[in-house]
Amino acid sequence: MKKTFAILAAGLLLTCGTLRAGGTESPSDARIEAIIGACSEIRSMKCDFRQIRRVPLMEGDQVSKGRMLYIQPSKLKWAYTEPFAYSLDVDGETVTVDGSEMQADRSRMFQGIAGVIMGCMSGQCLNDSRMFKVSMADAEGLWVATMVPVRRDMKKMFQHMVLSFSSETGLLEKIEMEEVGGGSTVIEIENVQLNGNYEAEW
């Protein structure tokens, strides 16, 4: 479970990639600019998620549900609620799992993961091609980013990821992760609420 949790935390909201070429704007650039614009307006966010996990040699899908809460600039909660309760909380440099502060070595790893997530929440990671090679496509009201890892640590976990954004709002709706070794995870994001006062729920 902890390995799965780390993989999901690493993949959550990873919208990093692509640099502009030759100073000209392509259709992909326009979509990415719209996503950056949508992210830049997020001060806080909460949503529900549904996770479908497929593991080689295991029959059937493992389905779980939970909630994500983000408060700018550096608070993130990623919590399962079904079929069991399990949560990762990041508050600045403090990382806790189920209320217990992590040891320094593991905390640094999750701080790094959380830093990437925070960067994506602000849209800043979209200008960094050092982590993923990204290609963009359109599909029935969605902008679809196919992301192939470039950085060594990400290549050890993922073959590729596919992120689907609403073409109306620019917000993330679905994450599909194909893992090294054959496993896969799909996360569907639902009931998104933005820019509310969620401190009491932290």
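Which residues are linked with Lys46 in a network of salt bridges? The network joins Lys46 to Asp48, Arg67 and Glu201, where a salt bridge is defined as a side-chain nitrogen of Lys or Arg within 4 Å of a carboxyl oxygen of Asp or Glu. This is a predicted model, in which local features need pLDDT of at least 70 and side-chain atom pairs count only at pLDDT 80 or more, while totals for chains, interfaces and linings use all residues. Residues are numbered from 1 along each chain as its sequence is written, and side-chain values use heavy atoms, with hydrogens and water left out.

The structure holds 9 salt bridges, and a few of them can be followed one by one. Within the network, the side chains of Asp48 and Arg67 meet in a salt bridge with a distance of 3.2 Å from N to O. This pair links distant parts of the chain, since Asp48 lies in strand β1 (residues 44–54) and Arg67 in strand β2 (residues 62–71), 19 residues apart. Strands (E, at least two residues) and helices (H or I, at least four) are DSSP runs, numbered from the N terminus. Arg67 is partly exposed, with a relative accessible area of 36%; buried means under 20% relative accessible area, exposed means over 50%, and partly exposed is in between, as found with a 1.4 Å probe and protein chains only.

Strand β1 also takes part in another salt bridge, in which the side chains of Glu179 and Arg53 meet at 2.8 Å, N to O. Here again distant parts of the chain are linked, with Glu179 in strand β10 (residues 172–179) and Arg53 in strand β1, 126 residues apart. Glu179 counts as buried because its relative accessibility is 4%, and Arg53 is buried as well, with a relative accessible area of 9%.

A helix enters the picture with Asp138, which forms a salt bridge with Arg31, the closest N and O atoms being 3.0 Å apart. Asp138 belongs to strand β7 (residues 132–139) and Arg31 to helix α2 (residues 27–40), so that this pair, 107 residues apart, also links distant parts of the chain. The two partners fall on opposite sides of the cut-offs, for Asp138 counts as exposed at 56% relative accessibility, whereas Arg31 counts as buried at 10%.

What, finally, is the count of disulfides? A disulfide is a covalent bond between the sulfur atoms of two cysteines, and it is recognised here as a pair of cysteine sulfur atoms within 2.5 Å. By this rule the count is 0 disulfides. Among the cysteines, Cys39 is buried at 9% relative accessibility, and Cys47 is buried at 3%.
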